[in-house]
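This briefing introduces a protein structure to a reader who has not met it before. Please keep the sequence and the model in view while reading.

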Amino acid sequence: MRRKAQRSHSHFYDRCAHWSFSRTAGAEPIRWNRERWILAGTAFLIVVLSALVIPAWAGAMKKPGSVPLVHAVVPLTLPKLDPETVKPLVAAEDWQTVQVQPGQTLSDIFQGQGLTLTDLQHAIDGAGNARAFHQIKPGQEFQFLLGENKSLLGVRFDQDEASIATLRLDGAKPELTTQSRDVQRREHIAHGVIDSSLFGAASKAGMSNAMVLKLAEVFKFDIDFVQDLRVGDNFTVIYDDIYRDGAYAREGDIVAAEFINQGKRYTAYRFKNSDGKYSYFSEEGRPLTGSFLRIPVDFTRISSQFSAGRMHPILGKMRAHKGVDYAAPSGTPIHAAGDGVVKFRGWMNGYGNFVVIQHNATISTAYGHMSRFANLRVGQRVTQGSTIGYVGMTGLATGPHLHYEFRVNNAQRDPQTVTLPKPEPLPAAQLAKFKSEVVKPQLARLTQVDSSVKLARAKSDTRSDD
Ligand SMILES: [Zn+2]
């Protein structure tokens, strides 16, 4: 009998093992077997017993001689509600939260809620110029309030990092309100020593892969992270953790960092320059960005070098090649090599779709054979790294590639070897502000970590001597 009980018991758990919270599961009829009858019976018994026992126990606890409670019904006159000023009480609203997944578009998200593109248009119109609707990012959240028949009553979205907006569409006209959120930045210090890889060391220090990439980005003009890293290299990074309404929201930016590579110390401090943009500077106030990207596209191979004379593949005669050809799949974004102004955008003979950017009085860069242009007009300012167009093979080209030229006083120079101008250092007034407001406090924290690490190492050394 015990074995039989065990068997039915194990059958019970076998069935449980297949349970899942799938939508179709609800369609299966519930089968009442003996096990369930016993459980249900026991539960029922407990309910009945507690209903009987609790009042009896409460009665027994009552002190003898205490004044009996008198219950009376007193009629209360309710104040008259003015329907103009008081909105009827609505049951707690059921806002559905949706998180943007990689690759999703706004219309995917709206359609996922059973909404139409007209609803999306109403939301965009009602939200005004909200960034949430113009630049959606994975991880970003929208909340929807839906009525009967999937009508859109409201949308909530992040207006910016510090405020959340509610757009009501259930009134006579759309109503947009914003509520500020409590945003806190808490600085976080991580220190790592490379024993096999940068990612390994960073992971041991509790840093995410995204933060490692930020660190590599900050130092990319000083350290070649593919070739130069050695065992024993170490780094200390101070970065922001961002909390919203008391809850951790995301990793912020690097505030300060120190990287010891092959014994040489590199530093980076984030500073808001006079133009209002944040960028990184070394302890001495030298910008860590290069003034030009050496290569303005993610290329697969160099298909043709700069040369004074080569056989032209289409024209079939000797001709100088005054640029470098970077082969890349059609549609690969092409980036502005430096800050500047668009001087030309259009069709130019063999160059096909062609863009020229003027960077300063003497230097310009040129980009040919684009399949199409980015949203760009002549006279527009572009910043280093911004997308200006896409790789193609318009004009005289045998395959998709970027033809890139670096021009000094309108004469082409080899982009691979030309000496790139150094970026402008901070002017004196800015430098003083940078040193006192950024370097001084952050350097104190970086060195504090350094000395505590050295102390810990020294201690472990003396222990191993024992
Ligand atoms: Zn070329």
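The points below cover the metal site, the aromatic pairs and the charges placed over rings. The structure is a predicted model. It holds a zinc ion with protein donors, and the count of aromatic pairs comes to 16.

**Zinc site**

- The zinc ion takes its protein donors from H321 (NE2), from D325 (OD), which is listed twice, and from H403 (ND1). These donors lie 1.9 to 2.7 Å from the ion.
- Along the chain, the donors of the zinc ion follow the spacing H-x3-D-x77-H.
- D325 belongs to strand β14 (residues 324-327) and H403 to strand β22 (residues 401-408), so this pair ties together parts that are 78 residues apart in sequence.
- The arrangement around the zinc ion is irregular because the 4 donor atoms subtend angles of 53 to 155°. A tetrahedral arrangement of four donors would need all angles between 85 and 135 degrees.
- D325 counts as buried because its relative accessibility is 6%, and H403 is likewise buried, at 7%. The cut-off for buried is under 20% relative accessible area.

**Aromatic pairs**

- Among the 16 aromatic pairs is that of Y243 and Y248, whose ring centres are 5.6 Å apart. Their planes stand at 75°, so the pair is classed as edge-to-face; the cut-off for this class is over 60 degrees.
- Y243 is buried, with a relative accessible area of 18%, whereas Y248 is partly exposed, with 44%.
- Y367 and Y404 form another aromatic pair, which is tilted, with 5.4 Å from centre to centre and 40° between the planes.
- The pair of Y367 and Y404 links distant parts of the chain: Y367 lies in strand β18 (residues 363-370) and Y404 in strand β22, 37 residues apart.
- Both of these tyrosines are buried: Y367 has a relative accessible area of 0%, and Y404 has a relative accessibility of 1%.
- Strand β22 thus appears under two topics, because H403 of the zinc site lies in this strand and Y404 of the tilted pair lies there too.
- F110, F133, F142, F144 and F157 are linked into a cluster by ring pairs.

**Charges over rings**

- R156 lies over the face of W95, at 4.0 Å from the centre of the ring.
- R270 lies over the face of Y278, at 4.3 Å from the ring centre.

Key:
Residues numbered from 1 in each chain as written. Predicted model: local features only at pLDDT ≥ 70, side-chain atom pairs only at ≥ 80, totals over all residues. Heavy atoms only, no water. Donors = N, O, S within 2.8 Å, 3.2 Å for Na, K, Ca; no water. Tetrahedral: all angles 85-135°; square planar, octahedral: opposite > 155°, others 65-115°. Helix = DSSP H or I, 4+ residues; strand = E, 2+ residues; numbered from the N terminus. Buried < 20%, exposed > 50% of the residue type's maximum accessible area, 1.4 Å probe, protein only. Phe/Tyr/Trp six-rings, centres within 6.5 Å; stacked < 30°, edge-to-face > 60°. Lys NZ or Arg CZ within 6 Å of the ring centre and 35° of its normal.
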